[in-house]
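User: I've got a protein model open and I'd like to talk through it with you. Can we go residue by residue where it helps?

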Amino acid sequence: MGTHHNHNHLNDDESHGRHVASKKNLLWALSLTGTFMVVEVIGGLVSGSLALLADAGHMLTDTAALLLAYSALYFAAKPADSKRTFGYGRLQVLAAYTNGVFLILLTGWIIWEAIHRFIEPNPIQSISMFTVAVIGLIVNLLVFKILHSAGDSNINIRSALLHVLGDLLGSVGAIIAAVVIWIWGLLWVDPLLSIFVAVLILRSAYHVIKDASHILLEGTPLDISMSNIRLDLMSIEGVKDIHHMHAWSLSEAEPMMTFHALVDPNKDSDSLLEEMLLLLKKEHGIGHATIQVEVENCQVVEGACEAG
């Protein structure tokens with residue numbers, strides 16, 4: 001009976017390159033977002049637009065989200081130590097979860113303010129509102145472009161990207177609202193738009209918190225099928241049974257797995273191990289696995305190997 005542990009390092013250079021690029025992208029996005037947030041607060045106060053102030057509030061959480069995301073990437077690069085043997089990679093997931101909570105709190109503030117604006121409409125300077133909204137749209141498009149390339153494989157950056165997407169849509173809505181107020185003087189469009197932005201933010205928050213919670217609760221990675229993995233492993237000649245299977249992930253891009261493998265004692269267990277690890281990496285994208293091999297004369301009883 002033995003245990004084998006393997007971690008694939010073939011793509012470490014590529015991963016490091018993506019990590020550095022992600023940090024650089026986040027820093028650019030953070031600078032642009034933080035600068036425009038100040039501009040939008042001033043614009044919202046001058047024009048009297050709740051939609052702009054709501055968007056500025058959203059950009060405040062964007063700035064915090066990007067700062068959290070950048071900090072998480074920085075600490076994730078730190079090596080493992082005796083207290084944190086897996087390193088700091090999960091900080092990215094914690095940052096994403098925190099961002100999602102901030103988003104929910106923000107929606108509550110926006111909706112509360114919108115209700116008051118419906119009851120007591122405020123005068124709005126539509127030209128100022130329009131100008132700031134157009135600048136905001138340009139800034140958000142730039143930030144979205146900067147983050148989009150890195151967002152597909154990183155939940156931390158994707159959560160920050162969702163913040164920016166909400167801002168982008170909010171800017172488009174603010175432009176439309178400014179035109180409507182300018183032409184027809186319909187002040188209720190401003191708080192209505194604010195509620196629309198709040199719904200978009202709430203939807204983003206739900207998905208971010210759901211995905212981050214799944215990882216934090218050691219859930220099986222969404223793109224991994226335990227039954228398919230078991231069938232594939234047992235198709236290897238010499239592998240008699242696979243049991244005690246567990247799969248989880250440190251971060252969205254780092255799936256891990258442990259299981260017991262009952263093998264034919266007449267087969268070379270080292271060769272079977274290498275074959276199983278290669279299959280996991282090639283067919284299921286799992287490069288980090290710990291396998292306990294059972295080669296004794298035993299039989300499987302209710303999923304466990306008991307000596308005969």
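**Talking through the model**

Analyst: Sure, and let's start with a loop residue: at 40% relative accessibility, E218 counts as partly exposed. Keep in mind that this is a predicted model.

User: Where does E218 lie, and what is its phi?

Analyst: E218 belongs to the loop that runs between helix 6 and helix 7 (226–234). E218 is not a glycine, yet its phi is positive, at about 60°.

User: Which element holds H244, and is H244 buried or partly exposed?

Analyst: H244 is another non-glycine residue with a positive phi, here about 50°. H244 lies in strand 2 (residues 239–249). Its relative accessible area is 40%, and the buried class stops under 20% while exposed begins over 50%. So H244 comes out as partly exposed.

User: Let's zoom out. What pattern do the helices and strands follow along the sequence?

Analyst: There are eight helices and six strands to place. Read along the sequence, the order is β-α-α-α-α-α-α-α-β-β-α-β-β-β.

User: What share of the contacts join residues at least 24 apart?

Analyst: For this one, you take contacts in the protein between residues at least 6 apart in sequence. Of those contacts, the share joining residues at least 24 apart is 73%.

User: And how much of the accessible surface belongs to carbon and sulfur atoms?

Analyst: On the residue side, 45% of the 308 residues count as buried. The accessible surface of the protein comes to about 15900 Å². The part of that surface belonging to carbon and sulfur atoms is 63%.

User: Why is helix 2 called largely enclosed?

Analyst: Helix 2 (residues 50–76) has 27 residues, and its first-to-last C-alpha span is 38 Å, close to the 39 Å expected at 1.5 Å a residue. As for its surroundings, helix 2 is largely enclosed by the rest of the structure because its buried residues number 19 of the 27.

User: Which backbone nitrogen does S49 reach at the start of helix 2?

Analyst: S49 uses a side-chain oxygen here, at the start of helix 2. That oxygen comes to within 3.3 Å of the backbone nitrogen of A51.

User: Which residues is D190 in contact with, leaving aside its neighbours within four places in sequence?

Analyst: D190 sits in helix 6 (residues 189–216). With a relative accessible area of 1%, D190 is buried. Once neighbours within four places in sequence are set aside, the contacts of D190 are S49, L50, A51, R117, I124, M129 and I181.

User: How far apart are Q92 and Y74 in space?

Analyst: Q92 is found in helix 3 (residues 91–119), and at 9% relative accessibility Q92 counts as buried. Along the sequence, Q92 and Y74 are 18 residues apart. In space, C-alpha to C-alpha, they are separated by 9.5 Å.

User: Which element gives the most to the nonpolar patch?

Analyst: The nonpolar patch on the surface is formed by I111, I115, F118, I119, I127, W182, I183, W184, L186, W188 and L192, with about 1200 Å² of accessible area together. The elements giving two or more residues to the patch are helix 3 and helix 5 (155–184), and I183 has its place in helix 5. With four residues, the top contributor is helix 3.

How values were computed: Residues numbered from 1 in each chain as written. Predicted model: local features only at pLDDT ≥ 70, side-chain atom pairs only at ≥ 80, totals over all residues. Heavy atoms only, no water. Buried < 20%, exposed > 50% of the residue type's maximum accessible area, 1.4 Å probe, protein only. Contact = heavy atoms within 4.5 Å. Areas by Shrake-Rupley, 256 points an atom, 1.4 Å probe, with all protein chains shown as cover. Expected span 1.5 Å × (residues − 1). Polar contact = N/O pair within 3.5 Å; in protein donor to acceptor, adjacent residues only side chain to side chain. Patch = residues over 30% accessible without salt bridge, like charges linked within 9 Å, V, L, I, M, F, W, Y side chains within 5 Å. Salt bridge = Lys/Arg side-chain N within 4 Å of Asp/Glu carboxyl O.
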